[in-house]
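Visitor: I am new to this structure and would love a close look at a single part of it. Could you pick a place to start and walk me through what surrounds it?

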Amino acid sequence: MREKLEEALLPPIVALLIAFIVGDVLILSFGQSPAAVYRLLLDGTWGNAYGFGQVLYKATTLTFTGLAVGLALRAGLFNIGAESQLAAGGFAAALVGLALPTGLPTLLVLPIYLIAAALAAAPSGWCRACSRRNLARMR
């Protein structure tokens with residue numbers, strides 16, 4: 001049990017230490033104090049409601065993108081285009097939002113946005129499915 005715990009915790013801790021060391025070297029190379037820079041970073045990110053909201057806003061999108069990749073991996077599919085699918089889906093939802101008339105009820109437009117985003121992000125999945133089918137036929 002202890003070996004598994006060390007195996008799970010040691011790599012992230014070592015990665016964080018290396019990141020802090022590299023960050024300190026970069027900050028020092030610009031002639032700044034690492035403690036002051038990290039204090040500003042924390043104050044700007046977690047020190048006010050706007051910074052905290054921005055962290056949640058950006059982390060939510062990336063978390064769900066990562067979960068989508070993880071789900072596909074569990075199903076046996078390797079997907080390297082998740083960030084592009086995210087951008088395509090967001091762009092399509094924004095275009096549909098611009099095209100729809102204002103004042104429509106939220107319960108009506110949300111499914112429309114979701115369908116537009118899914119359709120815009122789907123081609124890479126279709127290409128993957130088609131390539132798997134073609135590979136199976138060639139064997």
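**A close look, starting at a glycine**

Guide: Let's begin at G31, which sits just after helix 1 and takes a positive phi of about 80°. Please keep in mind that this is a predicted model.

Step back from that glycine into the helix before it. Helix 1 covers residues 2-29. Its 28 residues reach 40 Å from the first C-alpha to the last, close to the 40 Å expected at 1.5 Å a residue. There is still a bend to find along the way: helix 1 has a kink of about 30° at L9, shortly before the proline P11.

Now look at the surface. L10, V14, I18, V22 and L26 make a nonpolar surface patch of about 450 Å². One of these residues, V22, lies in helix 1. V22 has a relative accessibility of 46%, and because exposed means over 50% and buried under 20%, V22 counts as partly exposed.

It helps to place this helix in the whole chain. The secondary structure comes to six helices and zero strands, so reading from the N terminus gives the order α-α-α-α-α-α. Of the 139 residues in the protein chain, 12% are buried.

Where do some of the buried residues sit? Helix 4 is a good place to look, and its buried residues are A82, Q85, G89, A92 and A93. Seen down the axis of helix 4, these buried residues fall within an arc of 100°, so they line one face of the helix. Turn to the other side of helix 4 and you meet exposed residues: E83, S84, A87, F91 and L98. The length of this helix can be checked too. Helix 4 has 18 residues (residues 82-99), which should span 26 Å at 1.5 Å a residue, and its end C-alpha atoms are 26 Å apart, which agrees.

Helix 5 can be read in a similar fashion. It runs over residues 106-121, and its 16 residues reach 22 Å from first C-alpha to last, close to the 22 Å expected at 1.5 Å a residue. Buried in helix 5 are V109, A116, A117 and A121. They cover an arc of only 120° around the axis, which puts them on the same side of helix 5. Across on the other side of helix 5, L107, L114, I115 and L119 are exposed.

One more residue is worth finding before you go. A118 has its place in helix 5, and at 45% relative accessibility A118 counts as partly exposed. The C-alpha atoms of A118 and G90 are separated by 9.4 Å, while the two residues are 28 residues apart along the chain.

Conventions
Residues numbered from 1 in each chain as written. Predicted model: local features only at pLDDT ≥ 70, side-chain atom pairs only at ≥ 80, totals over all residues. Heavy atoms only, no water. Helix = DSSP H or I, 4+ residues; strand = E, 2+ residues; numbered from the N terminus. Expected span 1.5 Å × (residues − 1). Buried < 20%, exposed > 50% of the residue type's maximum accessible area, 1.4 Å probe, protein only. Arc of directions from axis to C-beta. Patch = residues over 30% accessible without salt bridge, like charges linked within 9 Å, V, L, I, M, F, W, Y side chains within 5 Å. Areas by Shrake-Rupley, 256 points an atom, 1.4 Å probe, with all protein chains shown as cover. Salt bridge = Lys/Arg side-chain N within 4 Å of Asp/Glu carboxyl O. Bend = angle between axes of the 7 residues up to and from the residue.
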